[in-house]
Amino acid sequence: MTLGFSFSLPVMVVVSAIAFVYFCTVFVFIDRWFGLMTSPGIMNAVAFTGVAVMCVLNYVFAIFMDPGRVPSNFLPDIEDSKVPIHEIKRKDHHCTWINNCVGHANYKVFFVFVVYAVIACIYSLVLLVGSLTNDSQNDKQQSADSFRILYVISGLLLVPLSMALSGLLGWHIYLILQNKTTIEYHEGVRATWLQERAGNVYKHPYDLGAYDNLTTVLGSNIICWICPTSRHIGNGLRFRTAYDGLPVASTSK
């Protein structure tokens, strides 16, 4: 993990949003719907706290973990007949919201952070609606008025955030199932166009099939998919391809 991190405004916005949503969810929505000292209240508070802790933990790892990079002196062995594809990508995708690049080493924790963030937002939104419904049914209008500003701010924050993060999650699920990075996706668009012009069909060379693509990013142990672990990723200098084990006419690309 890197130690050269300095807090940025976007990171502070994310941290503030997490703290605000957590406070409102546990101490307003859950408390006013179930009561914090009731069994349903305790169960929901513990469940939401667990999701929030995992969300924050993965966010911290995404911020401080070195994304990884290709050594400046690294050159592929183009004479190795076992490696049908040779390419070096030194570009990283910088994410303002974590003040860090998203690369080979920290992509999994970034993805898992987004998963927990989506779960937390939708969970909080459900509790918000349930709390409001409970207030109206129990005729607690006068009491609800004092919390109106929190409900309004929370709704204005959670609705667009849930939509935006769900879209981001869907996009990255698509990329993982194709075993692509964002950069490779855009490269693939051009590669597909060039292959079609030549009358060929383009196939992404790192697409191993949906399950193998998932395990490449998240690991082979399904239990560890939801944890900020990354021992399975290797050094990032050699990846399996769809052509591994096939006869190769040329070893360079």
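Is R240 buried, exposed or partly exposed? With a relative accessibility of 48%, R240 counts as partly exposed, because the exposed class begins over 50%. Please keep in mind throughout that this is a predicted model.

Let me stay with R240, since its partner deserves attention. The side chain of R240 meets that of D212 in a salt bridge, with an N to O distance of 3.9 Å. The cut-off for such a contact is 4 Å, and the structure holds one salt bridge. D212 belongs to helix α7 (210-218), whereas R240 lies in the segment after that helix, so the pair ties together parts that are 28 residues apart in sequence. D212 is also partly exposed, because its relative accessibility is 26%.

What else can be said of α7? Within this helix, N213, T215, V217 and L218 are buried. Just after α7 comes G219, whose phi is positive, at about 100 degrees.

That brings me to backbone angles. Most residues other than glycine have a negative phi. Two asparagines in this model call for comment on that account.

The first topic is N99. Its phi is near 50 degrees, a positive value in a residue that is not glycine. N99 sits in the loop that joins β1 (93-95) to β2 (100-102). As for its surroundings, N99 counts as partly exposed, because its relative accessibility is 25%.

Next is N179, which is likewise not a glycine and has a positive phi of about 55 degrees. Where does N179 lie? N179 is placed in the loop between α5 (148-178) and α6 (182-197). N179 is buried, because its relative accessible area is 13%, and the limit for that class is under 20%.

I turn now to the annotation. An unreviewed UniProt entry lists residues 6-30, 42-65, 109-129 and 149-174 under "transmembrane region". Let me take two of these spans and set them against the model.

Residues 109-129 are 100% helix and 0% strand in the model, and the C-alpha atoms at the two ends lie 30 Å apart. For residues 149-174, the chain is again 100% helix with 0% strand. The end C-alpha atoms of residues 149-174 are 38 Å apart.

To close, I return to the opening residue. R240, partly exposed at 48% relative accessibility, meets D212 of the α7 helix in a salt bridge. Of the two asparagines with positive phi, N99 is partly exposed and N179 is buried. Thank you for your attention.

Conventions:
Residues are numbered from 1 along each chain as its sequence is written. This is a predicted model: local features need pLDDT of at least 70, side-chain atom pairs count only at pLDDT 80 or more; totals for chains, interfaces and linings use all residues. Side-chain values use heavy atoms; hydrogens and water are left out. Helices (H or I, at least four residues) and strands (E, at least two) are DSSP runs, numbered from the N terminus. Buried means under 20% relative accessible area, exposed over 50%, partly exposed in between (1.4 Å probe, protein chains only). UniProt positions are given in the numbering used here, feature names are shortened, and annotations may be inferred rather than shown by experiment.
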